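Open the model in your viewer and keep the sequence panel beside it. We will go from stop to stop, with something to select at each one.

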Amino acid sequence: MERFASDFGAFFPLGYVVAAFRKTSGARRPARSPVTAHERDSVTRDPATDPILRPGRNCWRRARAERVAFLVDGADYFAAFRAAAVRARRSILVLSWDIDGRMRLVPGGAGDGLPDALGEFLHALTRRTRGLRIHLLNWDFAMLFAADRELLPVYRHGWRTHRRLQYRLDDAHPVGASHHQKVVVIDDAVAFVGGLDLTHGRWDTPEHRLDDPRRRHPGGGLCPPFHDLQAVVDGEAAAALGRLARERWRRATGRELPAGDAAGSDPWPPELEPELTGIDVAISRTEPAYNGNPEVGEIKQLYLDAIGAARRALYLENQYFSADLIAQALARRLREPDGPEVALVSRCRDEGWLEEITIGVQRARLHRALRRADSDGRYRSYYPHLPGLGDGFLNVHSKLLIADDMLLTVGSANLTNRSLGLDTECNLAIEAAGDERVRRAIRALRHRLLAEHLGVKAEAVADREREGGAMLAAIDALRGEGRTLKELEPEVSEDIDEWAPEGDVLDPERPVEPERIVRELVPHERPDSAGARLLAVGALLAVLLGLAAAWRWTALGEWFDIESLASAAAALEQDHMAPLWVLGTYVVAGLLVVPVTVLVAATVLVFGPWFGLAYALGGSTLSAATAFGLGRLIGRNAVRSLSGSSLNRLSRRLGRRGLLTMIAVRVVPVAPFTVVNLVAGATHIRLRDFLLGTLLGMAPGILATAIFIDRIAAAFRNPDWESFAILAGVVAAVVAAAVWLRRWLRRRAAAGRD
């Protein structure tokens, strides 16, 4: 889960569910946003007279940096950050997708007399240095990532024990988006930008030793190998990044931070040698339109311009590859008879079944499209191979593009649609523009990265390129049997490929509003909807009839003995404590986030329709009230840190129109039962409205479940035509009630908007 959770945002599974409903319901898929004139503009330029980097088009601004260095892999970055933070005098600003106060920046020990763990280290800095203020802004992550996050970090010792160390969560983005920038600014004099967060699972060395004991999770156990890179700049470029970080803090918290002042401070790590001096650095961003702020697509335009301007070679490293526009731009260049070579380095496979059947499908589709466009053999997709990893792999997490060794961009933006339009991102870019020393530095970094992946020296890569004159030929000549780059051919089964939705659904570039999600999940009536419902009811009846026959006339009947369940129910009913046991089970199971529908079905099956109905309704209400009280106790900020920004609008609606909203979310759940209860408790909804809405909203569903299960049990016991006729009538009644309730809710929602 850690590798999947490392970058793909909060609502990826939701998009997939919406897509599945589109496939099955026939709902129309919204048209993709048209390509803009800027996106079509990809003419080849003369770099000496027409630079690629242009403020207002593909970057926010260009600013002078007196020193620039590139830090490859986490060990170098974390050590450099710690060395710079120790020298901080006024401020440390951190923007992150994830942060973990338990992580050790230098696992072997820094030897600076300060604590090893990040949270304790920063706290010690505030105590030691008078006037130092530290501000940490972390994405207000969704529940999907809670298992891989530091639980409630805002309340941990390292984040709240000093008034000059402030930790806040960033939920100032549209539903489904995430704050994904990885920026650290120290005294407005030194800044780090790249793909690395200050969190666990990122530390590694370029050797990527399989058994390195320093690459350990704070909770125990070794972390898998991890590759990424970060850029560090000073001067005006660092000061500009300080302004960017303060603006993000203002949008997320509503509070202004004092302007930075780099005078008299030089936190540049003493042991870090700059690779470039006295150059302009461009800052490019992705920001979705939100809360009156316009959309910013500088990184998307930068990628397209760099691809369009390349003459000889494009080298890319990225964790993901699902961006349609990027694939289209590469395909256009591959179809040109004299277009550039393209080398894409990524991880060898996706993590887990969900990622395989979603983002993996899109990557395979785009790879096939590039293969079709590549008539001259100028495209390769590679993955770094480490011998002895078995089922594991090196997680290529970097976000890098190099065009002709004349332009380089590194930052937080993946080659995904969401990184080009939905999430907040930040990249740095430098361009040679005729300066040979800049070109040499970019080429040296590319050689260094290829050497790391191929298991050779950087000089070997340079020598091969000089001999053959081409990047791909040099890579192929240096590929060996041990540690090396292997060609990546992402594959997916035809069945999954056919069923999986389009890429802009799996990986959206624009925010998806909650109202649109509801419209997709509950589409408008169509002329053939009645026939479709009859077909669905008929199919359900056929399945039930088949199951009834199988249980009665095949060996499957031995697996399910209704008499034994009846005996167990009778034994439990004899216990005068049975009601308390049932109610207590609902409370405990609710706190463990056990699906309430499973509990209701089990209760009805054991106790019968009427006692089961009473127990289920009472247990569900008591469980809801318990979670409601817990939400009120721990407060809104803690609940937000667990449930994420996706429920903020629900929270506001509960505060304004509590009773109607509670009924709606009970009838059509928008989140797990327990999560809704916690959020409700953290809002201003009255307990009376919460309990009444829960009762009114859940009673019809529990009643329908009770009758439905009772009739199924009757059909199992007496599989005759009368039992199945009654069962068919119950199914029809449930469908009719659901249709009526959906229309009633839609009318009420429309009336509320008017």
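A residue is called buried here when its relative accessible area is under 20%, exposed when it is over 50%, and partly exposed in between, using a 1.4 Å probe and protein chains only. Helices (H or I, at least four residues) and strands (E, at least two) are DSSP runs, numbered from the N terminus. Residue numbers start from 1 along each chain as its sequence is written. This is a predicted model, where local features need pLDDT of at least 70 and side-chain atom pairs count only at pLDDT 80 or more, while totals for chains, interfaces and linings use all residues; side-chain values use heavy atoms, with hydrogens and water left out.

**The whole chain**

Begin with everything in view. The chain has 754 residues, and 54% of them count as buried. Colour by secondary structure and you can look for 29 helices and 18 strands. The accessible surface, computed by the Shrake-Rupley method with a 1.4 Å probe, is about 32,200 Å², with 57% of it on carbon and sulfur atoms. A contact means heavy atoms within 4.5 Å. Among contacts in the chain with a separation of 6 or more, 80% are between residues 24 or more positions apart.

**Strand E5**

Now select residues 183–186, which make up strand E5. Which way do the side chains go? Val183 and Val185 point to one side of E5, Val184 and Ile186 point to the other, and all are buried.

Add residues 91–96, strand E2, to the selection. Strands pair if DSSP finds at least two bridges between them; E2 and E5 run antiparallel and are joined by four bridges. Find Leu93 and you will see Val185 of E5 opposite.

**Strand E6 and the turn**

Next, select residues 190–194, strand E6. Five of its five residues are buried, so E6 is largely enclosed by the rest of the structure. Val190, Phe192 and Gly194 point one way from E6, while Ala191 and Val193 point the other way.

E5 and E6 pair in the antiparallel sense over four bridges. Two places to check are Val184, opposite Phe192, and Val183, opposite Val193. The two strands form a hairpin with three residues between them.

Zoom in on that turn. Asp187 has a positive phi of about 55°. Asp188, in the loop between E5 and E6, also has a positive phi of about 55° although it is not a glycine. Is Asp188 buried or exposed? With a relative accessibility of 5%, Asp188 counts as buried.

On to strand E8, residues 229–234, which pairs with E6 in the antiparallel sense over five bridges. Val232 in E8 is the bridge partner of Phe192.

**An aromatic cluster**

Keep Phe192 selected and add Tyr77, Phe78 and Phe81: ring pairs link these four residues into a cluster. Rings of Phe, Tyr and Trp (its six-membered ring) pair if their centres lie within 6.5 Å; planes under 30 degrees apart count as stacked, over 60 as edge-to-face and the rest as tilted. The whole structure holds four aromatic pairs. In one of them, the rings of Tyr77 and Phe78 have centres 5.3 Å apart and planes at 40°, so this pair is tilted. Both Tyr77 and Phe78 are buried.

**The nonpolar cores**

A nonpolar core is a set of buried Ala, Val, Leu, Ile, Met, Phe, Trp, Tyr and Cys residues joined through side-chain atoms within 4.5 Å. In the largest one, which has 56 residues, Val233, Leu241, Val281, Tyr315, Leu408 and Ile430 touch the most other members. Centre on Leu241: leaving aside residues up to four places away in sequence, Leu241 touches Val185, Ala191, Val193, Val233, Ile283, Cys426 and Leu428. A second, separate core has 39 residues, including Ala75, Leu132, Leu136 and Ile186.

**Two last stops**

Select residues 118–128 for helix H5, where eight of the 11 residues are buried. Among them are Phe121, Leu122 and His123.

Finally, go to Asp405, in the loop between strand E15 (399–403) and strand E16 (407–411). Phi of Asp405 is near 60°, a positive value in a residue other than glycine. At 5% relative accessibility, Asp405 counts as buried.
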